[in-house]
Amino acid sequence: MEASDRVLLIAVDDSEDSQKAFMWAVDNLYREGDQIHLVHVVPRLAFAAQYGVPPVDFVPAAENSSYESAVQRAEQFIIDRFVRALPVTIKSPVVHIIKSEVDTESVGHVLCKKADELDAIGIVMASHNKGRMAEFFLGSVTQYCTHHSKRPIIIVPTPNSSSSSSKGGGGGVSKGAIRNREQQQCQQQQQQQRRRRSSTPFA
Amino acid sequence: MSEGAANSHRNILLTVDESPSSDKVFEYTVKNLYRQGDVVHILHVIAPSRRLVVTPDMGLEGVIEDDEETKRKVEEHAQEFIRERFEKRLETLRIPYQVDIVRGCVDNDSIGALVCRRAEGIDAVAVVMAKHSRGTIKEFFIGSVTNYACHHCKQPVLVLHCD
């Protein structure tokens, strides 16, 4: 088999969901010879969140040290969560830590631009950045990329935390009772569906 | 990662319609996602009828049911285009596949739910879909289906942009 020369771009942050997206790409998308690029965008508001100051415009000089520490933190979690988890057979990923000038939404813009620059076959990302409590349907970065990217986006879902709603609308990684309940709901929905549908239902 | 992934093949779910974007969905899957032994599942949803009643804000209010003859013709037409555009290629490439043609319901969301359930049912490694930036009446169903799937699907969704 010919070695491929594709570029896989994986958007990463310091979360388990992001790690899940990464592992999905490694397990399911990666082919021998692919070059993996990990991209982490540090939004300017991160500085504000870290240091407890209101997110107003900073004097640029004051930001330097906080930016440096944000980059160092990013390097550390990227090594811990991603580079270490990579099988040895896969060549080292290229890591990009990019500072974004404005707020969260342009993280998506930076990702899309980077994907174009690298001619990636797609951008892999978790569905949520801040978790389902903060962003209900879809994380803002993922939302942006889904609408604006010219390249394929692969959205790896974030499983629900333990605080799932009674409708069971959640990402089932859980086993046992919760899965059974969801299956029952699925079956009920399917039965309703079949009554309305005229075509042969699939098995 | 998932139990049983080591020994069995993967299932890839593709949602297709008659637009050219489905060719892109197909080609991308075969070129970039497919691995030897994977099974490709083609899912096509037929509009509930050819005559739709829409509200002023382009919401779907209802359908005027087609007669049986028309329904049959629509289904045959669907089978035909799927055969022409996808099945032949799959056979040439010797890719195992399965085709599901489902008559959609009035409610957009339940088509999305249908896709998500199917994905879960086959434990799809990914659901490959196209997103159009401009919705037209013809693509009325599929556009918002992609949206729904991105929000709700428990399996990874791969969105291709086609204009």
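In the predicted model, buried residues account for 54% of the 163 residues in chain B. The secondary structure of chain B comprises four helices and seven strands, which follow one another from the N terminus in the order β-α-β-β-β-α-β-α-β-α-β. Among the contacts of chain B with a separation of 6 or more, 75% are made by residues 24 or more positions apart. The area exposed by chain B is about 7900 Å², of which carbon and sulfur atoms supply 51%.

Enclosed space was examined next. Rolling a probe the size of a water molecule over the atoms shows where empty space is left. Three cavities of 30 Å³ or more were counted. The second largest cavity has a volume of about 50 Å³. This cavity is lined by 12 residues, and those closest to its centre are S127(A), P157(A), C150(B), H151(B) and C153(B). Helix α4 of chain B, spanning residues 140–152, gives the most to this lining, with four residues. By residue class, the lining of the second largest cavity consists of seven nonpolar, four polar and one charged.

Salt bridges were then considered, and 20 were counted over all chains. In chain A, the side chains of D14(A) and R81(A) form one of them, with an N to O distance of 2.8 Å. This pair links distant parts of the chain, as its members lie 67 residues apart: D14(A) belongs to the loop between β1 (7–11) and α1 (16–29), and R81(A) to helix α3 (residues 60–83). D14(A) counts as partly exposed because its relative accessibility, 47%, falls between the limits of 20% and 50%. Also in chain A, a network of salt bridges links D116(A), D119(A), K150(A) and R151(A).

Two further salt bridges lie within helix α2 of chain B (residues 68–92). In one, the closest N and O atoms of R72(B) and E76(B) are 2.8 Å apart. R72(B) and E76(B) are four residues apart in the helix, so about one helical turn separates them. R72(B) is partly exposed, at 41% relative accessibility, and E76(B) is likewise partly exposed, at 40%. In the other, the side chains of E84(B) and K88(B) meet at 2.7 Å, N to O. Here too, about one helical turn separates the partners, because E84(B) and K88(B) are four residues apart in helix α2. E84(B) has a relative accessible area of 41% and is therefore partly exposed, while K88(B), with 39%, is also partly exposed.

Terms used
Residues are numbered from 1 along each chain as its sequence is written. Chains are lettered from A and ligands numbered from 1 in the order in which they are written. This is a predicted model: local features need pLDDT of at least 70, side-chain atom pairs count only at pLDDT 80 or more; totals for chains, interfaces and linings use all residues. Side-chain values use heavy atoms; hydrogens and water are left out. Helices (H or I, at least four residues) and strands (E, at least two) are DSSP runs, numbered from the N terminus. Buried means under 20% relative accessible area, exposed over 50%, partly exposed in between (1.4 Å probe, protein chains only). Contact means heavy atoms within 4.5 Å. Accessible areas come from the Shrake-Rupley method with a 1.4 Å probe; for residues, only the protein chains shown count as cover. On a 1 Å grid over the protein atoms alone, a cavity is a set of points where a 1.4 Å probe fits but cannot get out, and a pocket is an open set with protein on both sides within 12 Å along at least five of seven lines; lining residues have an atom within 4 Å of a point. Grid points are joined across faces, edges and corners, and a volume is the space filled by probe spheres set on the points. Ala, Val, Leu, Ile, Met, Phe, Trp, Tyr, Cys and Pro count as nonpolar, Asp, Glu, Lys and Arg as charged, and the others, Gly among them, as polar. A salt bridge is a side-chain nitrogen of Lys or Arg within 4 Å of a carboxyl oxygen of Asp or Glu.
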